[in-house]
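Me: I should like to learn how to read several features of a structural model, one at a time. May we begin with the lining of a pocket?

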Amino acid sequence: MERIPILRMGSFLLVTIQVDLYDRLALTLESDLVQAISKTGAQGVLIDISAVSIVDSFMGRIIGNIASMARLLDAYTVVVGMQPAVAITLIELGLTLPGVQTALNVEKGMQLLQSRIQVTASVEEAPNEDDDAGSPE
Amino acid sequence: MLVVLNKDAFQIQREQDVILFRNRVKEFAVRIGMGVVNQTKLITAASELVRNMLRYASGGEVLIEVITRGRENGIRLTFKDQGPGIPDIKLAMQDGYSTGRSLGLGLPGTKRLVSEFDIKSTVGVGTTVTIVKWKNG
């Protein structure tokens, strides 16, 4: 069976979609990716769609699902390289992809993921100051 | 007056046919010199309608035509299936309405992406959807 390869780069997973996705291939990618996050403990997922010329409502939903599922597994998703015509079409179709982070290219996407993970790490290191949480103001 | 310059019929039976069909539509759109944004809108609309056909009617036939009216050239796609039909077209054309488990953007979203949209459906007989995208429209 045909599959989209998932590459590991440090604490990130990199997916480059080079072919037009039909539905089953997209669903396989969704489950493969979620399993890969869980297995590798990846903190970020970068999906490059620069070679994708058509994103319809189904593909859009899959991208949204991947981002939400990754979030539940403590990973951030960034979609990079969307073609301008695809962006125009998605919005006219009515698909705004809330909750999906984007960047213009792979390099900027990587920077975004790195900064996201650093922010999370520094918040976790900060001392807990919620001791008097019982008194509403 | 509307003149048909060229036509081709395409059978949709399996999910993989969707990709081949999209490529065929693209060939026609490129041949009349349609710009990338309009091409993307047309192919995305076609993709939505073909998916509906597979999901609700397990396939059907699409007629691809190059048409001309006055000085304007365009592509007309006619999607014909022998599925269950749509009991309430007005409801089906509403954003967010779906009997399946989709986002319900398919029909209303498709209408926004094309120049002309027509749907006829008879319960128990089938559904015919016709869309037109003008080269500059």
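Me: How many residues in the lining of the second largest pocket are nonpolar, polar and charged?

Reply: This is a predicted model. The lining of the second largest pocket divides into 5 nonpolar, 1 polar and 4 charged residues. The lining residues are D23(A), L27(A), F58(A), E15(B), V18(B), S47(B), V50(B), R51(B), L54(B) and R55(B). The pocket holds about 150 Å³ of space.

Me: Which helix gives the most to the lining of the second largest pocket?

Reply: Helix 2 of chain B does, with 5 residues. At least two lining residues each come from helix 1 (23–40) of chain A, helix 1 (15–31) of chain B and helix 2 of chain B.

Me: Is S47(B), which belongs to that lining, buried or exposed?

Reply: S47(B) counts as buried, because its relative accessibility is 0% and the cut-off for buried is under 20%. S47(B) is placed in helix 2 of chain B. Leaving aside residues up to four places away in sequence, S47(B) touches D56(A), V18(B) and R22(B).

Me: How should one look for enclosed space, and how many cavities of 30 Å³ or more does the structure hold?

Reply: Rolling a probe the size of a water molecule over the atoms shows where empty space is left. Here the structure holds 2 cavities of 30 Å³ or more. The largest cavity has a volume of about 40 Å³, and about 30 Å³ of space lies in the second largest cavity.

Me: Which residues line the largest cavity, and which classes do they belong to?

Reply: The lining consists of I17(A), L21(A), L29(A), I47(A), M59(A), I62(A), I63(A) and I66(A). By class there are 8 nonpolar residues, no polar and no charged ones. Helix 2 (residues 57–72) of chain A gives the most to this lining, with 4 residues.

Me: What is the lining of the second largest cavity by class?

Reply: It has 5 nonpolar, no polar and 4 charged residues. The second largest cavity is lined by residues of both chains: L21(A), Y22(A), D23(A), I54(A), D56(A), F58(A) and M59(A), together with R22(B) and R51(B). A network of salt bridges links D20(A), D23(A), D56(A), R22(B) and R51(B).

Me: Turning to the interface, how many residues of chain A are in contact with chain B?

Reply: On chain A, 20 residues are in contact with 23 residues of chain B. The two chains bury about 2,000 Å² between them, and 55% of this area is on carbon and sulfur atoms. I54(A), E92(A) and L93(A) supply 28% of the area that chain A buries against chain B, more than any other three residues.

Me: How many salt bridges are found across the interface of chain A and chain B, and how many over all chains?

Reply: Across the interface there are 6, and the count over all chains comes to 13. E92(A) lies in helix 3 of chain A and K41(B) in helix 2 of chain B, so this pair joins two chains. The side chains of E92(A) and K41(B) meet at 3.1 Å, N to O. E92(A) is partly exposed, with a relative accessible area of 29%, whereas K41(B) is buried at 10%.

Me: Which residue forms a salt bridge with R24(B)?

Reply: The partner is D8(B), and the closest N and O atoms are 2.5 Å apart. R24(B) lies in helix 1 of chain B and D8(B) in strand 1 (residues 2–12) of chain B, so the pair ties together parts that are 16 residues apart in sequence. R24(B) is partly exposed, with a relative accessible area of 27%, and D8(B) is partly exposed at 21%.

Me: One last feature is backbone geometry. What is the phi of L97(A), and where does L97(A) lie?

Reply: Most residues other than glycine have a negative phi. L97(A) has a phi near 50°, a positive value in a residue other than glycine. L97(A) is placed in the loop between helix 3 (84–93) and strand 5 (101–103) of chain A. L97(A) is buried, with a relative accessible area of 15%.

Me: Is S58(B) buried or exposed?

Reply: S58(B) is exposed, with a relative accessible area of 62%. S58(B) has a positive phi of about 40° although it is not a glycine. Its place is the loop between helix 2 (36–57) and strand 2 (60–69) of chain B.

How values were computed. Residues are numbered from 1 along each chain as its sequence is written. Chains are lettered from A and ligands numbered from 1 in the order in which they are written. This is a predicted model: local features need pLDDT of at least 70, side-chain atom pairs count only at pLDDT 80 or more; totals for chains, interfaces and linings use all residues. Side-chain values use heavy atoms; hydrogens and water are left out. Buried means under 20% relative accessible area, exposed over 50%, partly exposed in between (1.4 Å probe, protein chains only). Contact means heavy atoms within 4.5 Å. On a 1 Å grid over the protein atoms alone, a cavity is a set of points where a 1.4 Å probe fits but cannot get out, and a pocket is an open set with protein on both sides within 12 Å along at least five of seven lines; lining residues have an atom within 4 Å of a point. Grid points are joined across faces, edges and corners, and a volume is the space filled by probe spheres set on the points. Ala, Val, Leu, Ile, Met, Phe, Trp, Tyr, Cys and Pro count as nonpolar, Asp, Glu, Lys and Arg as charged, and the others, Gly among them, as polar. Buried area is the accessible area (1.4 Å probe) that two parts lose on being put together, summed over both. A salt bridge is a side-chain nitrogen of Lys or Arg within 4 Å of a carboxyl oxygen of Asp or Glu.
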